[in-house]
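Open the model in your viewer and keep the sequence panel beside it. This tour tells you what to select at each stop.

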Amino acid sequence: MPIRWDDANPKTISLKEKMQIIDINLNRIDQTEGRMLERRHAHLMECVHALVGDVSDEYPEQLFAHILRDEHFPALFRELTRRTIPLSDKLLLQDEVSDYFADLCKRDRVVLCKYLAHAADRGYRVTKHERGAAWTRLLRDMVRNTYQMTDESEPDIDVKPGRVMGDKIAYLRNTYTDIAYNCFAECLQHTTATYYSDFPGVCEALFYAHVSACILPMENSSDGKLLRFYSLLDKYDLRIAYVCNVTAEDTDVTTRYALLQRDISIPRLDLLEHWTRIFMECRVVISDRDGLSEVLHAASVYGLHVVGVDSVPVGYDDDDRIYDLIFDVGEDGDLAAMLVYLHLVIGQFKLFGIYPELLFDA
């Protein structure tokens, strides 16, 4: 029997009228929850003030040195933000309410990371037309101070400007890598090409500092992610600085080439003439079965759009799961907040690169 949406019988309430009444009641609850959410965020801001209270307002740049660079702070942050919410025995939906508050606590952490990321720079914005010196300065600070540390004072990578001089670039030469080289050369100054006979040799040349950059294919439209080359990137501990796409005229297969360097480089977008999007690529180690969905949810809150997720093989007796993630930062993506979240909440992550996709005239 079909559902009657608008019953004409004056003695009964139609389905449409019933739904309208329910909507009114839900709207009242929404209004109450909206006010409570504002109060919740006010308390979360008080939490941030407590965490950074010992840092002088006169030297806001010391925030990351005092807080985020403390090797014990991530564990402390996770402990302090782990809340157990007591529930009334009178609740009929104990499990549902418990799950709701558990999700709310996870979202609180996402919000706290955003506030912490901008505690020293409240006026910071990341829009496409404002990504210049401020973008470079803040992102360089964030990468330096949120990456995993090898000791108490220094990160295990250096962060360099995205525009360098005198680059010697290694690659295995063919028609398409020549095109990629010419594209990358437009962003650099005084580049020279050095040719090698195999891909491991290309990576070794960069690893041993015989060259300052190299070019590898990372994925294509036919086979997807090229795992062989990602294994080289991981083996030689290289980082992605730029990418460009090259399409073969005879097969219409498009290959994404990456310019790799030994260090993370923050792109000076104000110095680039032809670029389309900014990507952040990382590897995360997750032990919680819901951890991946939480990372993706945090990225969504920060305005980052996931464009690639790959599972990295691990041993069968290992409970950890390893994922390679690629995010499109977007025009309003809050990359600083995402880096703080990965550092404080996830802990085990490796940053493969923050890089622009370049356009060129074929």
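The stops below cover two strand residues and one helix pair.

This is a predicted model: local features need pLDDT of at least 70, side-chain atom pairs count only at pLDDT 80 or more, and totals for chains, interfaces and linings use all residues. Residues are numbered from 1 along each chain as its sequence is written, and side-chain values use heavy atoms, with hydrogens and water left out.

**Stop one.** Select Asp324. Asp324 sits in strand E11, residues 321-328 (strands are DSSP runs of at least two residues, helices H or I runs of at least four, numbered from the N terminus). Is Asp324 buried or exposed? Asp324 is buried, at 3% relative accessible area (buried is under 20%, exposed over 50%, partly exposed in between, with a 1.4 Å probe and protein chains only).

Now show Lys225. Its side chain and that of Asp324 share a polar contact of 2.9 Å (an N or O pair within 3.5 Å; within protein, one atom must be able to donate a hydrogen and the other to accept it, and residues adjacent in sequence count only if both atoms are side-chain atoms). Beyond four places in sequence, Asp324 also touches residues including Cys282, Arg283 and Phe352 (contact: heavy atoms within 4.5 Å).

**Stop two.** Select Val309, another residue that Asp324 touches. Val309 lies in strand E10, residues 305-312. Val309 is partly exposed, at 39%. Add Leu292, which Val309 contacts. Their C-alpha atoms are 9.7 Å apart, across 17 residues of chain.

**Stop three.** Select helix H3 (residues 73-80) and helix H10 (residues 335-346). Their axes come within 7 Å and cross at roughly 80° (axes are lines fitted to C-alpha atoms, for helices over the stretch in contact, with angles from 0 to 180 degrees between N-to-C directions). So H3 is roughly perpendicular to H10 (65 to 115 degrees). Show Phe73, Pro74, Phe77 and Arg78 of H3 with His343, Leu344 and Val345 of H10: these make the contact.

Note on methods. Angles under 35 degrees count as roughly parallel, over 145 as roughly antiparallel, 65 to 115 as roughly perpendicular and the rest as oblique.
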